[in-house]
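The following report walks through a single protein chain, beginning with its aromatic contacts and ending with its sheet. The sequence and the structure are shown here for reference.

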Amino acid sequence: MPSLNIVLVEPEIPQNTGNIARTCAATGARLHIIEPMGFRIDDKKLKRAGLDYWHLLDITYYKNLDDFYEKNDGEYFYFSTKARHIYSDIKYPENTYLFFGKETKGLPEELLFKNPDRCVRMPMINSSYARSLNLSNCVCVGAFEVLRQWGFPELLCEGKLTKFDW
């Protein structure tokens, strides 16, 4: 099965990270968290947002970006409001890593500058008041675009009613 990896660079809000953890658990994506974090991993808000999915989660922590790059190899894509390419125009290969920055600043601009063809954005209105979308929503949209392109491997694609037959 192709490997989808979600990389959070210095996340700050525990509820976002909990929601992202739940998305990763429900889709089989691996979660990579690059420190420092703006909360403790035992934070009640983090656990509540992830509900009872923690046992399904494949999660790894890294001291910094260098530590991450030393231990991982694959195709890296950087989600940013500063990017020039639309996320859905990219063809995502196997062993894809989707990077997302901290809620208040996004990814480091130096990283974006060094990887212009791998930086992607989600279209938004042109407004100084709508600066960005919620981090956990962006991760979900990005992850499901990759999984859609891959044909939703090993995911249940059909639901079933509990009281009625189709």
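The structure, which is a predicted model, holds 13 aromatic pairs. One of them joins Tyr69 and Tyr76, whose rings meet edge-to-face, with 5.3 Å from centre to centre and 65° between the planes. Tyr69 also pairs with Phe99, here in a stacked arrangement with 6.0 Å between the centres and 20° between the planes. This second pair links distant parts of the chain, since Tyr69 belongs to helix H3 (residues 65–71) and Phe99 to strand E6 (residues 96–100), 30 residues apart.

How do the residues of these two pairs stand with respect to accessibility, buried or exposed? Tyr69, at 28% relative accessibility, counts as partly exposed, because the range for that class lies between the buried limit of 20% and the exposed limit of 50%. Tyr76 has a relative accessibility of 12% and therefore counts as buried, and Phe99 is likewise buried, with a relative accessible area of 0%. The ring pairs extend beyond these residues, linking Tyr62, Phe68, Tyr69, Tyr76, Tyr78, Tyr97 and Phe99 into a cluster. Another aromatic residue, Phe77, has the charged end of Arg118 sitting over its ring, 4.9 Å from the ring centre.

A polar site can be described in strand E1, where Asn5 is found. Asn5 is buried, with a relative accessible area of 0%, and its side chain makes the polar contacts listed below.

| Side chains joined | Polar contact |
|---|---|
| Asn5 and Arg30 | 3.5 Å |
| Asn5 and His32 | 2.9 Å |

Leaving aside residues up to four places away in sequence, Asn5 touches Arg30 and His32, and also Asn95, Thr96, Tyr97 and Leu98.

These residues can now be placed in the wider fold. Seven strands form an open sheet with parallel pairing, in the order E3-E2-E1-E6-E4-E7-E5. Strand E3 (59–62) and strand E5 (85–86) stand at the edges and have a single partner strand each, so that one side of each is left without a neighbour in the sheet. Strand E2 (residues 30–34) pairs with E3 in the parallel sense over four bridges, and Ile34 has Tyr62 as its bridge partner in E3. Tyr62 is also one of the residues in the aromatic cluster. Helix H1 (residues 14–27) lies across strand E1 (4–9) and E2, running at about 150° to E2.

Note on methods
Residues are numbered from 1 along each chain as its sequence is written. This is a predicted model: local features need pLDDT of at least 70, side-chain atom pairs count only at pLDDT 80 or more; totals for chains, interfaces and linings use all residues. Side-chain values use heavy atoms; hydrogens and water are left out. Two strands pair if DSSP finds at least two bridges between them. Helices (H or I, at least four residues) and strands (E, at least two) are DSSP runs, numbered from the N terminus. Contact means heavy atoms within 4.5 Å. Axes are lines fitted to C-alpha atoms, for helices over the stretch in contact, and angles run from 0 to 180 degrees between N-to-C directions. Rings of Phe, Tyr and Trp (its six-membered ring) pair if their centres lie within 6.5 Å; planes under 30 degrees apart count as stacked, over 60 as edge-to-face and the rest as tilted. Buried means under 20% relative accessible area, exposed over 50%, partly exposed in between (1.4 Å probe, protein chains only). A charge sits over a ring if NZ of Lys or CZ of Arg is within 6 Å of the ring centre and within 35 degrees of the ring normal. A polar contact is a pair of N or O atoms within 3.5 Å; within protein, one must be able to donate a hydrogen and the other to accept it, and residues adjacent in sequence count only if both atoms are side-chain atoms.
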